[in-house]
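Work through the exercises below with the sequence and the structure open. Each task is followed by a solution in steps.

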Amino acid sequence: MNLRSGTSRRVLSAAVVLVTAAAIVAGGDGAVAADAALLKLKARYKRPASIPFPKANGYSDAKSRLGHTLFFDPRLSGPGTVSCATCHNPALGWKDGLPRGVGHDAKQLGRATPTILNLAWADLLMWDGRKEGLEDQATGPIEASVEMNQPMPALVEKLSAIPGYRRMFREAFGRDEISKATIAQAIATFERTLVSNKAPFDRWIEGDESAIGEDAKRGFKIFNEKGNCAACHSGWRFTDDGFHDVGLKSEDVGRAAQMPNEPTLKYAFKTPTLRNINLRAPYMHDGSVRTLRDVVIHYDTGFVQRPSVSPEMRRLGLAEQEIKDLVAFLHTLTSQDDMIPVPVLPTKEEGQ
Amino acid sequence: MKNPMTIALVVASMLIASAASGALSIVQKEKQFSEEAITVKNGEMVRFINDDNVTHNIAIKDPSGANKPGIMQKPGEQSDVKFDQAGEHEVRCLIHPKMKMSVKVD
C-alpha cells in the first residue's frame, strides 16, 4: 500500500529520540542514560514561542481591546450585574474561588468555574466539551438563563446604543456591525492573550537547576512515572484537553451528556490545566476537593472504581514523602503573571 | 541534508513496511495521529496502531455525518478499519479529541 497523501507530525519527535539515543550510546553508563531520559522528558514540557490565532479570527490590538472591555462589562448580563470577569476573576486564577459557579441573582450552578488561562491552545471547551472553540463558547454564558441571562438581540441593541462601543467595534472590525459573531470574536481574541508567564518549572526546564527544589524535582519524576499524572496532564499546559472519568462521586455524567452512546465517556470531564493550579482551589469539576494534597490523595487511593473510570487511573501506593514531593512540584507551575487592568467602560454619554 | 518531508516519508514508509497485513498504517503516538490526512481507495483497509502509553478510543464520522461507535485501544493494540464509503471521513479520539485526522475515500 502506498501513503497517498499526508504530512508527518513526527519529525521533531524523531529528532529528539535520535539525539537522546546518541547521548546514551556516547555516554555508555546509567547516569548518562538517566540524564538523557530526563532531557527527553523535559522537552515534552517546552513552552511554545507564540500564541496561535485562527485565520478566521486573526489578532488585532483593537479587537483584543474591545474583547477586554466586553469581558469586564456587567451590562453583558441581562440584569446588568454579572460580567464574564465576575466568575473568571483574574485575581483568583481566572475563576472564582468557589466550589461551584454562581450565576446572576445568586443562582447556584452545577459545576466549578473553569479557568480561562492558556485557552488559545485548547479545543472543545467547557467541562463536558460541548463548545467547539472560544468563538463558540464566548457567548454561551451570556445567553444562559442561569448565568448572565442576556438574550443576544437585547445585548446587540444595548451595545449599539453606546457610542463608545460603536466606535470600538468599528475599529476592531472595520464596520459598525455589532452582532453575536463580532462580540464572540472580540472576547475570544482577548481570551487568547491570557497566557501564564514562565514559572519556576519553566526555568528549570530551560536549564536553571536552582529554579526549583529537590523535592519538586522528585515530584516531577513521580508525576511522570509512578503517579502516571502525565498520562492526562501532559504538555506545557499540563492538559491533554481530553475527557476522563477520574472517579469522583457524582451524579453528573459529564461528557456522556453530549455523547450518550459512548459508555467510556460517562462521568468524564475535561482535563484542567495545572498552570497556576495552587491559585485555583477548590479543585475538580465539582469543587469537591479542597487542597492539592487532597487531590493527590484522591488519585492515590480516593477514587471510585467503576467501569467508566479512566484506564490511566490506578492505585498508586504513594508514600507520605512522595505526596509532599508531588505537591511541591505542582507549586512550581505557578507564574507571576502580567497585571490585567480593569478597563474604563464606555458610556452612553461618550461622543463618537 | 534531507528535508523534513523526505525524512517524514522515509519514516512513514518504514511504518508501512512493518505492517504485517499490508494495510495502510496510521500510528498513534504522543496523542497524535501520524498523519493529518490520507486518501485511500474505496474498500481499502487502514490499520490504526496505538503505539502510545495511554488508551485511545477511535471514532469515525462518515461522509453522511453518522458516527460509528468508538474503538477502544489499549497501548500496543491495533485495529483494522475498512473505508468503503466515498467521501471525507473524520477520525477522532473520543478521549483525546485534539487527535484528529481525515481519511478521504476516492
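## Exercise 1. Helix α11 and its cover

In helix α11 of chain A, the buried residues are A:A216, A:K217, A:G219, A:F220, A:I222, A:F223 and A:N224. The model is a predicted one.

**Task.** Find what covers these buried residues, then describe how α11(A) packs on α13(A).

**Solution.**

Step 1. List the cover. It includes α2 (30-43), α10 (200-205) and α13 of chain A.

Step 2. Take the pair α11 (residues 214-224) and α13 (residues 320-331) of chain A. Their axes come within 7 Å and cross at roughly 100°.

Step 3. Classify the angle. Values of 65 to 115 degrees count as roughly perpendicular, and α11(A) and α13(A) are therefore roughly perpendicular to each other.

Step 4. Name the residues that meet. From α11(A) they are A:D215, A:A216, A:R218, A:G219, A:F220, A:I222 and A:F223; from α13(A) they are A:Q321, A:E322, A:D325, A:L326, A:A328, A:F329 and A:L330.

Step 5. Sort them by character. The contact of α11(A) with α13(A) holds eight nonpolar, two polar and four charged residues.

Step 6. Look at another helix covered by α13. In α12 (residues 292-302) of chain A, A:L292, A:V295, A:V296, A:H298 and A:D300 are buried, and α13 of chain A is part of what covers the buried residues of α12(A).

## Exercise 2. The surroundings of A:D252

**Task.** Place A:D252 in its chain and list what its side chain reaches.

**Solution.**

Step 1. Locate the residue. A:D252 sits in the loop of chain A between β1 (243-244) and β2 (269-270).

Step 2. Collect contacts, setting aside neighbours within four places in sequence. A:D252 is in contact with A:R111, A:Y267, A:F269 and A:H285.

Step 3. Pick out the polar ones. The side chains of A:D252 and A:R111 form a polar contact of 2.7 Å. The side chain of A:D252 also reaches the backbone nitrogen of A:G254, at 3.0 Å.

Step 4. Compare sequence and space. A:D252 and A:D286 are 34 residues apart in sequence, and their C-alpha atoms are 9.1 Å apart.

## Exercise 3. Two serines

**Task.** Is A:S77 buried or exposed, and which residues do A:S77 and B:S102 touch?

**Solution.**

Step 1. Start with A:S77, in the loop between α3 (61-71) and α4 (84-87) of chain A. Its relative accessibility is 0%, so A:S77 counts as buried.

Step 2. Find the partners of A:S77. A polar atom of the A:S77 side chain lies 2.7 Å from the backbone oxygen of A:P74. Not counting residues up to four places away in sequence, A:S77 touches A:V82, A:M148, A:Q150 and A:K158.

Step 3. Turn to B:S102, in strand β9 (residues 100-105) of chain B. The cut-off for buried is under 20%; B:S102, at 16% relative accessibility, therefore counts as buried.

Step 4. Find the partners of B:S102. Residues up to four places away in sequence aside, B:S102 touches B:E36, B:A37, B:I38, B:E88 and B:H89. With B:E88 there is a side-chain polar contact of 3.2 Å.

Step 5. Set B:S102 in its chain. Chain B has one helix and nine strands, and from the N terminus on the helix precedes the strands. Buried residues make up 46% of its 106 residues.

## Exercise 4. Backbone exceptions

**Task.** Which peptide bond is cis, and what is phi at A:N149 and A:N228?

**Solution.**

Step 1. Recall the usual case. Most residues other than glycine have a negative phi, and most peptide bonds are trans.

Step 2. Find the cis bond. The peptide bond from A:A281 to A:P282 is cis, with omega near -5°. A:P282 is in the loop between β2 and α12 of chain A.

Step 3. Read the phi values. Phi is near 50° at A:N149 and near 55° at A:N228.

Step 4. Place the two residues. A:N149 is in the loop between α6 (140-143) and α7 (152-160) of chain A, and is partly exposed with a relative accessible area of 30%. A:N228 lies in the loop between α11 and β1 of chain A, and is buried at 15%.

## Exercise 5. Confidence

**Task.** Where in chain A is the pLDDT below 50?

**Solution.**

Step 1. Take the whole chain. Chain A averages a pLDDT of 91, and 91% of the residues score at least 70.

Step 2. Find the exception. The pLDDT is below 50 over residues 1-26 of chain A, a stretch with 48 contacts in the model beyond near neighbours in sequence.

Step 3. Apply the caution. Where pLDDT is low, the predicted coordinates should not be read in detail.

Conventions
Residues numbered from 1 in each chain as written. Chains lettered and ligands numbered in written order. Predicted model: local features only at pLDDT ≥ 70, side-chain atom pairs only at ≥ 80, totals over all residues. Heavy atoms only, no water. Helix = DSSP H or I, 4+ residues; strand = E, 2+ residues; numbered from the N terminus. Contact = heavy atoms within 4.5 Å. Polar contact = N/O pair within 3.5 Å; in protein donor to acceptor, adjacent residues only side chain to side chain. Axes fitted to C-alpha atoms, helices over the stretch in contact; angles between N-to-C directions. Parallel < 35°, antiparallel > 145°, perpendicular 65-115°, else oblique. Nonpolar A, V, L, I, M, F, W, Y, C, P; charged D, E, K, R; others polar. pLDDT = per-residue confidence, 0-100. Buried < 20%, exposed > 50% of the residue type's maximum accessible area, 1.4 Å probe, protein only.
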